[in-house]
Amino acid sequence: MPPTSTRIRLQPANNSRIPFWGQMAIGLLWIFYVGSRLVADSNSTDQHFLDYVFLAFSLIYIGYVLVNNAPIFGTQTYLEFTPAYMVHKGGLFRPKQAFPAEDIAKLELALRQLRVQLKDGNNYVLSLREVRGTRRRRILHEQVQRFASNHQIPLHDSQEK
């Protein structure tokens, strides 16, 4: 049964030095610290302006961490196969990479990456480490094969036995 969507959801690349829960803990610690300063120092209003600024930046930081790591606004990291394009989106704050089928010279599907060689000589390596689960990997493998066969693009598949 063919999948209803041609979009393969990718997990966000975990390339930060501090894990998600560590970043959340830091942001919540900042908010707790500023909140306790605002409650405890109700008499001195000289420093309250800086406390409110720090509180605003702490809330912005928490929002950034949530948006960057959780699918709040839908799937933001994906690999999509349309009838004429192959589209890679690396995250919310990264631009899309669209590869028109007529510009692709060769596709190479390795164990953890998809290499796209364009006719103008440029090579792009898309990491497939972000594809989680055997079902998603199988669907991705089938869609790459279908895309290559539909557009007569040579496909070198090193995963086949």
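How many salt bridges does the count come to? Three, and they get a point each below, after a look at the core and α3. Keep in mind that this is a predicted model.

1. Start with the nonpolar core. The largest one holds 22 residues, and L79, M86, I104, L107, L114 and V116 are the members that touch the most others. The elements giving two or more residues to this core are three strands, β2 (77-81), β5 (104-109) and β6 (113-118), plus the helix α3 (134-150). Of these, α3 gives the most, with five residues. As background, nonpolar side chains in soluble globular proteins tend to be buried together.

2. I104 is a good residue to click on. Leaving out residues up to four places away in sequence, I104 touches M86, F99, V116, Q117, L118, K119, F147 and I153. Two of those contacts, M86 and V116, are also on the list of core members that touch the most others.

3. Next, α3 itself. With 17 residues at 1.5 Å a residue, α3 should span 24 Å, and its end C-alpha atoms are indeed 24 Å apart, so the two figures agree. The buried residues in α3 are I139, L140, H141, Q143, V144, F147 and A148. For the spacing, remember that an α-helix has 3.6 residues a turn, so residues three or four places apart point the same way. After α3 comes Q152, which has a positive phi, near 50 degrees.

4. The salt bridge between R37 and D51 has its closest N and O atoms 3.1 Å apart. R37 sits in helix α1 (residues 20-40) and D51 in helix α2 (residues 48-69), so this pair ties together parts that are 14 residues apart in sequence. What about burial? R37 is partly exposed at 24% relative accessible area, whereas D51 counts as buried at 8%.

5. E108 and R115 also meet through their side chains in a salt bridge, at 2.7 Å from N to O. Is E108 buried or exposed? E108 is buried, with a relative accessible area of 19%; the cut-off for buried is under 20%. R115 is partly exposed at 29%.

6. Back on α3, R138 and E142 form a salt bridge, 3.5 Å from N to O. Why are they about one helical turn apart? Because R138 and E142 are four residues apart in helix α3. Both ends are partly exposed: R138 has 44% relative accessibility, and E142 has a relative accessible area of 31%.

Conventions. Residues numbered from 1 in each chain as written. Predicted model: local features only at pLDDT ≥ 70, side-chain atom pairs only at ≥ 80, totals over all residues. Heavy atoms only, no water. Core = buried A, V, L, I, M, F, W, Y, C linked by side-chain atoms within 4.5 Å. Buried < 20%, exposed > 50% of the residue type's maximum accessible area, 1.4 Å probe, protein only. Contact = heavy atoms within 4.5 Å. Expected span 1.5 Å × (residues − 1). Salt bridge = Lys/Arg side-chain N within 4 Å of Asp/Glu carboxyl O.
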